[in-house]
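Biologist: Could you take me on a close look at one part of this model, starting from a single residue and working outwards? I would like to hear what it touches and how its surroundings are put together.

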Amino acid sequence: MSLLDWLVLGVTLLFIVGYGTWRTRGSSDLNSYLLGNREAQWWGIGLSIVATQASAITFLSVPGQAYDDGMRFIQFYFGLPLAMVLIAAVAVPIYHRLHVFTAYEYLETRFDRPTRTLAAGLFLLQRGLSNGLSLYAPALVLSAILGWNTSLTVWLIGGLMIGYTVVGGTRAVAVTQQWQVGVIFTGMVVAGYLLVHYLPANVGFGDALRVAGHQGKLNLVDFHFDPKDRYNFWSGMTGGLFLALSYFGTDQSQVQRYLAGRSISESRIGLLFNGLVKVPMQFGILLIGVLLFVFYQFNAPPLTFNRPVREQLAKSTQYGPALRALEQRHTTIAAAKQAANADLVNALHANNATQIANAQVRLQVTDAATKGLRSDLQTLLKQGAPTAEAKDTDYIFLSFVLDYMPHGFIGLLIAVVLSAAMSSSAAGLNALASTTVIDWYRLARPTADQQHYVTVSRWATIGWGVLGIGFALFAARLENLIQAVNILGSLFYGPILGIFVVAFFMPLIRGKAVFWAAILGQVLVLLLFWQTDIAYLWYNIIGCFLVMLLAAIGQKLARL
């Protein structure tokens with residue numbers, strides 16, 4: 001990066017972190033530290049919810065997901081708007097009426113303390129690990145740019161985020177998130193514009209979409225039902241709905257955003273705002289991935305986007321010659337692909353069906369050759385860099401930024417990634433600290449003063465931050481990061497949602513029945529994940545209904 005990039009990056013981050021810390025210093029009681037005195041307005045709630053979801057994983061991994069698999073990942077979010085309506089109608093009034101700090105406090109009033117602590121424990125486990133993934137993504141950015149050790153970079157970014165969260169609590173998270181969202185949207189609009197601008201002069205935005213469509217990347221909706229297929233209309237409208245219900249209705253990192261609202265109406269509008277914004281926002285990020293795909297149809301992509309691994313192999317006397325041979329094949333295939341795409345655009349302009357078909361046949365041939373080349377590359381990687389990440393989709397957007405963005409904009413896009421990382425991870429840390437203190441620690445020491453609880457909350461923030469950093473050090477071993485974080489959530493969200501659904505809609509079920517149903521349901525979900533190929537979105541439904549069914553059976557047996 002140039003000096004200009006460093007200035008843009010440094011000024012952006014220092015302003016956001018410094019301003020948020022200054023505005024929110026001095027919280028002395030739990031209501032202020034954990035919920036910002038419940039003064040948030042609907043637009044602040046909405047932006048905070050959007051920013052909490054928009055982790056660095058979103059901006060690194062989702063474009064790569066679209067580049068590799070097209071737009072069908074958008075179906076993952078089809079159930080989200082309906083989930084916002086249901087949560088606003090059912091959960092928000094209950095939480096506000098009880099004046100709770102966490103969603104899990106409600107479970108003690110409805111069931112008993114063991115059920116409350118169990119649900120809180122499942123959340124702490126799942127969110128504590130997920131925060132590690134959110135930290136790994138920006139570490140990936142800086143380590144690739146600066147050549148730093150990834151572990152050192154994880155500690156650096158994690159320490160910065162822990163610092164301002166410890167100082168200001170929920171208000172610091174909310175205030176910084178509002179600026180972070182502005183940086184995020186500005187950066188992504190700039191990236192989308194430049195991607196189209198860098199296409200050949202005779203290829204406009206409409207042409208880019210037509211090229212992508214002819215190569216199967218605009219696969220927005222798939223009505224084919226297959227329980228092993230991760231992304232189709234049915235998994236999105238059912239599994240995605242249940243995932244969103246659990247995430248926004250029971251995950252403290254989201255619930256805490258609207259618990260801070262000054263009224264039920266403000267919280268509801270903030271949730272509905274998220275329902276309106278999230279799908280178009282995700283569509284735009286996926287579209288950037290599709291435009292990246294089109295861009296690399298007319299510009300030769302690297303053999304692998306994982307540049308540290310590529311450089312490692314290139315320096316190897318044993319594997320370097322094999323890599324260079326693959327790169328020569330890659331250059332030939334890329335040239336043939338560029339020519340075929342140029343002919344496809346000319347045929348589309350002329351509306352010549354025969355020429356379009358001929359160009360598509362040539363593209364199919366080059367695609368087959370590319371698959372064979374990548375298979376040979378994977379074999380080489382297993383030999384020369386066996387611990388390297390198997391897929392390089394998480395590096396695609398980053399590679400474009402570093403190789404093609406003008407100076408200044410590189411710093412802005414890196415600021416986007418880091419802002420997203422801090423906003424998501426800080427909200428998660430704040431929620432983990434809230435749940436630890438309210439649902440575990442305060443139950444053991446109910447008579448301590450407010451300042452003591454605030455101090456414990458700060459120490460809990462540090463503890464969970466360090467744990468997240470530890471898990472981040474293993475994240476490189478996982479698959480595409482956006483899928484990894486959603487898989488992790490889906491393994492826990494179903495049973496947690498099942499507990500709340502029983503609480504809301506099955507009034508005859510008591511605490512003991514739902515407690516054991518949740519434990520057994522969680523075990524069964526983990527066994528199914530281990531032993532079957534069921535797509536992960538379905539575990540949100542399976543886990544929920546397992547808890548409902550087992551709780552009903554357990555309650556009936558208790559009456560015999």
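What follows is a walk around Tyr-95 and the helices beside it, with a few stops further along the chain.

Modeller: Gladly! Please keep in mind that this is a predicted model. A little background helps before we zoom in. The chain has 21 helices and 0 strands, and buried residues make up 58% of its 560 residues. If we take contacts between residues at least 6 apart in sequence, 86% of them join residues at least 24 apart. The accessible surface of the chain is about 21800 Å², with 65% of that belonging to carbon and sulfur atoms.

Now to the part you asked about. Tyr-95 sits in helix H5, which covers residues 80-98. Its relative accessibility is 0%, so Tyr-95 counts as buried, the limit being under 20%. Setting aside neighbours within four places in sequence, Tyr-95 is in contact with Val-100, Ala-103, Tyr-106, Gly-249, Val-255, Tyr-258, Leu-259, Phe-500 and Phe-504. There is a polar side to this residue as well: a polar atom of the Tyr-95 side chain lies 2.8 Å from the backbone oxygen of Gly-249.

Tyr-95 also belongs to a much wider network. The largest nonpolar core has 145 residues, and Ile-87, Tyr-95, Leu-107 and Tyr-258 are those with the most contacts inside it. Helix H17 (residues 409-444) gives this core its largest share, 15 residues. Ile-87, again leaving out residues up to four places away in sequence, touches Val-92, Ala-244, Leu-245, Phe-248, Gly-249, Tyr-258 and Leu-271. Gly-249 and Tyr-258 are thus among the contacts of Ile-87, and both are among those of Tyr-95 too.

Next, follow the chain out of H5. His-99 lies in the loop between H5 and H6. With a relative accessible area of 53%, His-99 is exposed, because the cut-off for that is over 50%. This residue is worth a glance in a backbone plot: His-99 has a positive phi of about 55 degrees although it is not a glycine. Most residues other than glycine have a negative phi.

Beyond the loop comes helix H6 (residues 103-110), which packs against H5 at an angle of about 80 degrees, with the axes 10 Å apart. That makes the two helices, H5 and H6, roughly perpendicular. Where they meet, Ile-94, Tyr-95 and Leu-98 come from H5, while Ala-103, Tyr-106 and Thr-109 come from H6. Within this meeting place, the C-alpha atoms of Tyr-95 and Tyr-106 are separated by 7.2 Å, and the two residues are 11 places apart along the chain.

Several partners of Tyr-95 come from further along the sequence, including Val-255, Tyr-258 and Leu-259. These three are buried residues of helix H11, as are Gln-252, Ser-253, Gln-254, Gln-256 and Arg-257. Since 8 of the 8 residues of H11 (residues 252-259) are buried, this helix is largely enclosed by the rest of the structure.

Just before H11 we find Thr-250, in helix H10 (residues 233-250). Thr-250 is buried, with a relative accessible area of 2%. Its side chain reaches the backbone oxygen of Ser-246 at 2.6 Å. Not counting residues up to four places away in sequence, Thr-250 touches Ala-103, Tyr-104, Leu-245, Val-255, Ile-496, Leu-497 and Phe-500. Ala-103, Val-255 and Phe-500 in that list also appear among the contacts of Tyr-95.

One more stop involves residues of H10. Leu-537 has its place in the loop between helix H20 (511-531) and helix H21 (538-559), and at 0% relative accessibility this leucine counts as buried. Leu-537 touches Phe-76, Arg-230, Ser-235, Gly-236, Gly-239, Gly-240, Leu-243 and Ser-490, with residues up to four places away in sequence left out. The C-alpha atoms of Leu-537 and Leu-241 are 9.3 Å apart, though 296 residues separate the two along the chain.

Finally, for contrast, there is a second, separate core of 12 residues, which includes Tyr-319, Leu-323, Leu-373 and Leu-377. One of these, Leu-373, is also a contact of His-330, along with Pro-301, Pro-302 and Leu-303. His-330 is found in helix H14 (residues 320-350) and is buried, with a relative accessible area of 14%.

Conventions
Residues numbered from 1 in each chain as written. Predicted model: local features only at pLDDT ≥ 70, side-chain atom pairs only at ≥ 80, totals over all residues. Heavy atoms only, no water. Core = buried A, V, L, I, M, F, W, Y, C linked by side-chain atoms within 4.5 Å. Buried < 20%, exposed > 50% of the residue type's maximum accessible area, 1.4 Å probe, protein only. Helix = DSSP H or I, 4+ residues; strand = E, 2+ residues; numbered from the N terminus. Contact = heavy atoms within 4.5 Å. Polar contact = N/O pair within 3.5 Å; in protein donor to acceptor, adjacent residues only side chain to side chain. Areas by Shrake-Rupley, 256 points an atom, 1.4 Å probe, with all protein chains shown as cover. Axes fitted to C-alpha atoms, helices over the stretch in contact; angles between N-to-C directions. Parallel < 35°, antiparallel > 145°, perpendicular 65-115°, else oblique.
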